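Hi,

Here is the structure I promised to pass on to you. Please have a look at it first, and then read my notes below.

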Amino acid sequence: MPENEHGARRAGGTQPAPSVRTCPQCFAAFRPAPICPCCGHEQPAPKQRPMQQIDGELKELKRITQLLNAMLDQSRQAPEPIVAIDLVGNVEELLALVRYQIPAHIHLRQAIPAGLCCRLPQGRLNQALLNLIVNAAQSIGEQPGTITVSAAQEQDRLWIQVGDDGPGLPAELLQSGVRAFATWRESGTGLGLSMVRRFARDLGGELKLANQEPRGACITLLFPWDKHHG
Ligand SMILES: Nc1ncnc2c1ncn2[C@@H]1O[C@H](COP(=O)(O)OP(=O)(O)O)[C@@H](O)[C@H]1O
Ligand SMILES: [Mg+2]
């Protein structure tokens, strides 16, 4: 945008920055001043918001904050119910649904003993598995690969695992553990694993990260069996 000797700029197609004013007479854009440096036109005084209006806005902000907090409290008080889940049926349904989102060169399979049942909030379980499956698919990328959802009960624990044969978890992640907002992807949020870990912990369980031989990542949700058996 051309700039004249007064430091004023002709307004072009782009909007001036907020700290810049536009002269109502000649449309030159310039830093706030009582007179337009381009045409000398006297500028109208900037509109002041009366204290009464600011007061009203603050009250409104307070009201919205209280409303949001009340809604958050309410959602905390009504956690998703824990229900009996047939794991094979549940995971097969989930894999059939995600099949549409995961590219065809990635094979999806389950390895869960028939009849294994658990007691968990189904929506949160499926959201956690979905996060892990999408992570695995993103990591496998363009290569052919396989994602396996497995589960078993061992002694006093139920484990549910998502494994893949992609490049494996970054060494730094294995070392530092899950941290919110830590991402190694260009447009990642770094929130997926944190949400999965929150789900596991809310139910008295934990999340384990590992890589497997010869390649691939393996993410395991562990729950106490006495609380979560079917
Ligand atoms: N199956 C996997 N294979 C390899 N790396 C993974 C896998 N799952 C997660 N990761 C790594 O963990 C990081 C954090 O994952 P996540 O919390 O879901 O955030 P995001 O996917 O937004 O990056 C990813 O950036 C990726 O580097
Ligand atoms: Mg993710």
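Helices H2 (residues 87-98) and H3 (residues 122-140) cross at roughly 50 degrees, an angle that lies outside the roughly parallel range (under 35 degrees) and the roughly perpendicular one (65 to 115), so the two helices are oblique to each other. This is a predicted model, so please read everything here in that light. The axes of H2 and H3 come within 11 Å, and the crossing is right-handed.

Which residues meet there? From H2 come Asn90, Leu94 and Val98, and on the H3 side they meet Gln122, Asn126, Leu129, Leu130 and Ile133. Sorted by class, this contact has 5 nonpolar and 3 polar residues, with no charged ones.

You will probably want to look at the ligand next. Ligand 1 is surrounded by 20 residues, and the closest are Ser139, Thr183, Trp184, Gly188 and Gly192. Two elements, H3 and helix H5 (192-202), give two or more residues each to this shell. By class, the shell around ligand 1 holds 10 polar, 8 nonpolar and 2 charged residues.

Finally, the overall picture. The protein has 10 strands and 6 helices. Its radius of gyration is 28 Å, whereas the globule rule gives 17 Å for 230 residues, so the protein is more spread out than a compact globule. The C-alpha trace spans about 85 × 45 × 35 Å along the principal axes.

Happy to talk it through whenever suits you.

Best wishes

Conventions. Residues are numbered from 1 along each chain as its sequence is written. Chains are lettered from A and ligands numbered from 1 in the order in which they are written. This is a predicted model: local features need pLDDT of at least 70, side-chain atom pairs count only at pLDDT 80 or more; totals for chains, interfaces and linings use all residues. Axes are lines fitted to C-alpha atoms, for helices over the stretch in contact, and angles run from 0 to 180 degrees between N-to-C directions. Helices (H or I, at least four residues) and strands (E, at least two) are DSSP runs, numbered from the N terminus. Angles under 35 degrees count as roughly parallel, over 145 as roughly antiparallel, 65 to 115 as roughly perpendicular and the rest as oblique. A crossing is left-handed if the near helix is turned anticlockwise from the far one by less than a right angle, and right-handed if clockwise. Two residues are in contact if their C-beta atoms, placed from the backbone, lie within 7 Å. Ala, Val, Leu, Ile, Met, Phe, Trp, Tyr, Cys and Pro count as nonpolar, Asp, Glu, Lys and Arg as charged, and the others, Gly among them, as polar. A residue is near a molecule or strand if its C-beta atom, placed from the backbone, lies within 6 Å of it. The radius of gyration is taken over C-alpha atoms; the globule rule is 2.2 Å times the number of residues to the power 0.38.
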